[in-house]
Amino acid sequence: MPLTGVAGWPVGHSRSPALHAAAFIDLGLEGWESQLLPIPPGVFAETAMALPDAGFAGINVTIPHKEAALALAGVQSADAAAIGAANTLSFHDGVVHASNTDAPAIRDALLESLGTPSLEGLRVLVMGAGGSARAAAYAAVSAGADGVSVWNRTPERAVALADSINGVEHVVEAGRPDVVINATSVGLNAEDVMAGLPLDEATTSDCRLLLDLVYGEHQTAVSSFGGELGITVVDGLEVLVRQGALSIEIWTGQAPSLQALRDAVS
Ligand code: NAP
């Protein structure tokens with residue numbers, strides 16, 4: 001009975017087990033299961049290394065373990081190595097493989113929403129400088145954006161991000177981007193407001209698409225802002241679904257229906 005799961009600390013809120021279960025049903029994979037794996041930071045590496053013997057084919061990894069997951073892998077995908085973080089581990093013949101499915105999920109969500117094969121000719125602004133901002137900036141560069149800027153509340157972190165990913169620059173103002181990605185945690189709480197972010201009606205006058213990585217039971221601050229201005233908004237659940245589907249494909253060799261996964265988490 002192959003096992004999968006999601007490891008984080010805390011992780012109780014994660015929708016990944018429901019997503020994985022929906023994928024196994026959609027693919028007709030009987031006996032596959034997904035578990036919540038609450039693992040404190042101090043014991044992540046040793047716990048993860050014990051999972052293959054416990055029957056795990058692979059796991060998703062979330063805050064705060066994405067860097068540690070990359071570090072413990074014997075084989076790192078090129079994307080995960082460039083981003084500096086892994087959200088997917090798979091176990092084969094005693095070897096741990098690390099991948100990052102956040103970046104291709106963000107890239108696919110952007111391209112499909114825009115209806116274009118690449119981001120050529122488009123300026124992308126990423127807000128935030130944590131792990132998901134790194135994946136978002138890398139996704140925008142690899143999709144061929146004409147300019148990728150990173151803004152962060154703490155500017156030094158945006159500088160460090162820009163220094164570590166080719167083709168990314170840091171900015172202290174939003175400019176006039178065509179695409180905006182919110183990779184800050186603003187919006188996680190229902191009462192969060194836009195005040196700390198560099199967006200307003202003027203800076204978004206050219207904006208065609210707003211991708212908000214944050215999701216919750218409520219409508220997020222950035223999604224409400226975009227909706228009020230008539231900007232197309234893609235929400236964080238769409239990225240969650242896509243990164244989960246790509247991880248399932250890594251573990252099982254089969255791609256689940258995105259719609260089945262959307263239905264499971266909406
Ligand atoms: P992280 O490493 O904790 O980074 C948080 C970022 O938010 C930092 O850049 C921080 O700026 C910024 N921030 C926090 N509060 C702020 C405020 N009041 N005003 C302006 N900026 C603020 O988190 P992460 O892992 O990158 O994730 C960021 C968000 O994306 C989370 O909400 C997470 O749930 C979501 N996410 C979604 C998916 C998905 O599949 N949809 C995947 C990954 C992440 P400072 O540097 O100044 O502290």
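Which helix gives the most residues to the shell around the ligand? In this predicted model, helix 9 gives the most, with 3 residues.

The ligand takes up the space of the largest pocket. Two elements, helix 6 (131-142) and helix 9 (236-252), each give two or more residues to the surrounding shell. Residues of the shell come from both domain 1 (3-100 + 238-265) and domain 2 (103-234), so the ligand lies between the two domains.

The ligand has 23 residues around it. Of these, S132, N152, T154, R157 and G236 come nearest. By character, the shell residues divide into 11 nonpolar, 9 polar and 3 charged.

Polar contacts reach oxygen atoms of the ligand from side chain and backbone. The side chain of R153 places an N or O atom 2.9 Å from a ligand oxygen. At S185, a backbone N or O atom lies 3.1 Å from an oxygen atom of the ligand. L240 also contributes through its backbone, where an N or O atom is 3.4 Å from a ligand oxygen. On its own, the ligand has 930 Å² of accessible area, and the protein covers 78% of that area.

How values were computed: Residues numbered from 1 in each chain as written. Predicted model: local features only at pLDDT ≥ 70, side-chain atom pairs only at ≥ 80, totals over all residues. Heavy atoms only, no water. Near = heavy atom within 4 Å. Polar contact = N/O pair within 3.5 Å; in protein donor to acceptor, adjacent residues only side chain to side chain. Areas by Shrake-Rupley, 256 points an atom, 1.4 Å probe, with all protein chains shown as cover. 1 Å grid on protein atoms, 1.4 Å probe; cavity = no way out; pocket = protein on both sides within 12 Å on 5 of 7 lines; lining within 4 Å. Sits in = over half its atoms within 2 Å of the grid points. Helix = DSSP H or I, 4+ residues; strand = E, 2+ residues; numbered from the N terminus. Nonpolar A, V, L, I, M, F, W, Y, C, P; charged D, E, K, R; others polar. Domains from an automatic or database assignment.
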